[in-house]
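Hi everyone, thanks for making time for this. I'd like to walk you through a structure I've been looking at, so let me put it on the screen.

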Amino acid sequence: MRLTVIGTGYLGAVHAACMADIGHDVLGVDTDTRKIEALAAGRAPFFEPGLPEILVRNTRAGRLRFTTSLQEAADFADLHFVCVGTPQRADGLAADLSHVEAVVDGLAPLLTRDSLIVGKSTVPVGTTRALARRVAAQVPPGIEAEVAWNPEFLREGFAVQDTLRPDRLVLGVSSPRADQVLRQVYAPMLQAGIACISTDPATAELVKTAANSFLATKISFINAMAEVCDASGADVVTLADALGHDARIGRRFLSAGLGFGGGCLPKDIRAFLARAEELKVGEAVSFLHQVDRINERQRRRTVDLARQLVGGTLDGQRIAVLGATFKPDSDDVRDSPALAVTAALLDQGADVRVHDPEGLDNARAALPGPAYCDDVVETCQDADLVLHLTEWPHYRALDPRELAQVVRSPRLLDARNALDPTAWRAGGWHVRALGRPAHVPQPTAAATMRVTIPQALGPVCAAAPTPGDPLSGAPK
């Protein structure tokens, strides 16, 4: 099939390249000339594992081209994917739909045949219906253009994999024809057994918003538990492991630490709150305000603990920061918790050095001020405290004993609970982490002993409780 992808940022560039890789003829469209030139030359404008190879393969094969012209896009195909950004508005929590609306306003008058416009951006529920009216008012006489919504579920660092082998496809359509066209687009995925849900556009829009809200809630829940653990002396990692064995809960996204960031979760839950208020159902999702507040509080708690570890003041202290991006396997620093903490350290007078395997250029542009280093050892030289803020695998591979030789004080704050505290303590480090005791006790033989009951015995009744046993549940 011939199709266009309008907007070649993170979502659009990956979608365009992957659609070409499964055999479609794809034209990518963007207003950024430098980005278009880079993509046309097979160069990814951002770090994403696997994307450069797909770009090179498909641009060379002629299945993938790029342009800045909407007229060329209208002439090229009658299927158009819209992948532009929907950032948070500057004047409130709501999503800024101006980029999506600009695409529709620019494309609709240029259409010369019946077309399907498919949004993939994260938008408030009801957007498809509003855009359909907008398109209908602007297409030339005799032309019909339908608007559908096909939300993306990409994880940065795994975007190629998530596009080519998604865990589900959601098609928000208003006609059998639109459903048929999108199923033809994704035929290789459907043949591979990928689940496909066809529904109305409003439900499709809500799927992405609800999914991100649920994930954000799960992350903030375990971070709230980390705060309780800090107050009580409990261990949030063991708590999360125990909760994760419950099939109703699961272990994924139950990692306590610095919290979530990036260009999706924070702005999406805020846009959901704003849209719910517009629909007069704000009370139904009011808990998301607390989810957002817990997430922001983790950043302040990290700075507070860092200040405590260096004696009560950050002024003049040399702090080594490991990680600048909002997550590993990405160079994205949008709403990065790591950079937010770094900025707070600078504000309190710390001498900060920052290392990141991929995000240094973006970090420099977003936060001038700290020293940015290409080498971990240089970053940690004479440090009074090392902060682990992004869980890159590079940092798990560090040798704590070797690193202890270059710092001024071997103190580590693992704000991601991703490093092995036992190995670092054995290397001479004082280790702290959010939600974990200063010294994590090792389980005793009695605590880890398992009792196996032979199957032949069948159901076994619990022994009668000992009178006064606080665990028995018997009245006291």
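Let's start with one residue, A211, which you'll find in helix α10. Quick word before we go further: this is a predicted model, so please keep that in mind throughout. Now, what does A211 touch, once we skip the neighbours within four places in sequence? Two residues: R168 and L206. You can also use A211 as a starting point for a distance. From A211 to S98 is 113 residues along the sequence, and the C-alpha atoms of the two are 24 Å apart in space.

Okay, stay with α10, because there's another residue there to look at, S220. Helix α10 runs over residues 201-232, and S220 lies in it. Is S220 buried or exposed? Its relative accessible area is 1%, so it's buried. And who is around it? If we again leave out the neighbours within four places in sequence, S220 is in contact with F260, V291, I294 and N295.

Next, how α10 packs against another helix. In general, you describe two packed helices by the angle between their axes and the distance between the axes. For α10 and α12, the angle is about 115° and the axes are 9 Å apart. That makes the two helices roughly perpendicular to each other, because the range that counts as roughly perpendicular is 65 to 115 degrees. The crossing of α10 and α12 is left-handed. Which residues meet there? On the α10 side we have L206, T209, N212, S213, A216 and I219, and on the α12 side L265, D268, I269 and F272. Sort the residues of that contact by type and you get six nonpolar, three polar and one charged. You may recognise L206, by the way: that's one of the residues A211 touches.

Now a second pair, for comparison. Take helix α1, residues 10-21, and helix α3, residues 51-61. The axes of α1 and α3 come within 9 Å and cross at roughly 55°. So what do we call that arrangement of α1 and α3? Oblique, because 55° falls outside the parallel, antiparallel and perpendicular ranges. The crossing of α1 with α3 is left-handed. From α1, the contact is made by A13, V14, A17, C18, A20 and D21, and from α3 by L51, I54, L55, R57 and N58. By type, the residues of this contact divide into eight nonpolar, one polar and two charged.

Two of those α1 residues, V14 and C18, turn up again when we look at T163. T163 sits in helix α7, which covers residues 159-164. With a relative accessibility of 9%, T163 counts as buried. What does T163 touch, not counting residues up to four places away in sequence? The list is V14, H15, C18, M19, L154 and M189. For M189, we also have a distance: T163 and M189 are 26 residues apart along the chain, and their C-alpha atoms are separated by 9.4 Å.

Let's move to the loops, where there are a couple of backbone angles to look at. K280 isn't a glycine, yet it has a positive phi of about 65°. You'll find K280 in the loop between α12, residues 265-278, and α13, residues 287-309. Buried or exposed? K280 has 75% relative accessibility, so it counts as exposed. Then there's D382, also not a glycine, with a positive phi of about 60°. D382 is in the loop between α16, residues 376-380, and β12, residues 385-388. At 34% relative accessibility, D382 counts as partly exposed.

Finally, let's zoom out to the whole chain. How many helices and strands does the chain have? There are 20 helices and 14 strands. The C-alpha trace spans about 80 × 60 × 45 Å along its principal axes. The chain has 476 residues, and 50% of them count as buried. If you take the contacts between residues at least 6 apart in sequence, 72% join residues at least 24 apart.

And how confident is the prediction? The mean pLDDT of the chain is 92, with 92% of residues at 70 or more. But look at residues 443-476: the pLDDT there is below 50, and beyond near neighbours in sequence that stretch has five contacts in the model. That's my tour, so over to you for questions.

Notes
Residues numbered from 1 in each chain as written. Predicted model: local features only at pLDDT ≥ 70, side-chain atom pairs only at ≥ 80, totals over all residues. Heavy atoms only, no water. pLDDT = per-residue confidence, 0-100. Contact = heavy atoms within 4.5 Å. Axes fitted to C-alpha atoms, helices over the stretch in contact; angles between N-to-C directions. Helix = DSSP H or I, 4+ residues; strand = E, 2+ residues; numbered from the N terminus. Parallel < 35°, antiparallel > 145°, perpendicular 65-115°, else oblique. Left-handed = near helix turned anticlockwise from the far one by under 90°. Nonpolar A, V, L, I, M, F, W, Y, C, P; charged D, E, K, R; others polar. Buried < 20%, exposed > 50% of the residue type's maximum accessible area, 1.4 Å probe, protein only.
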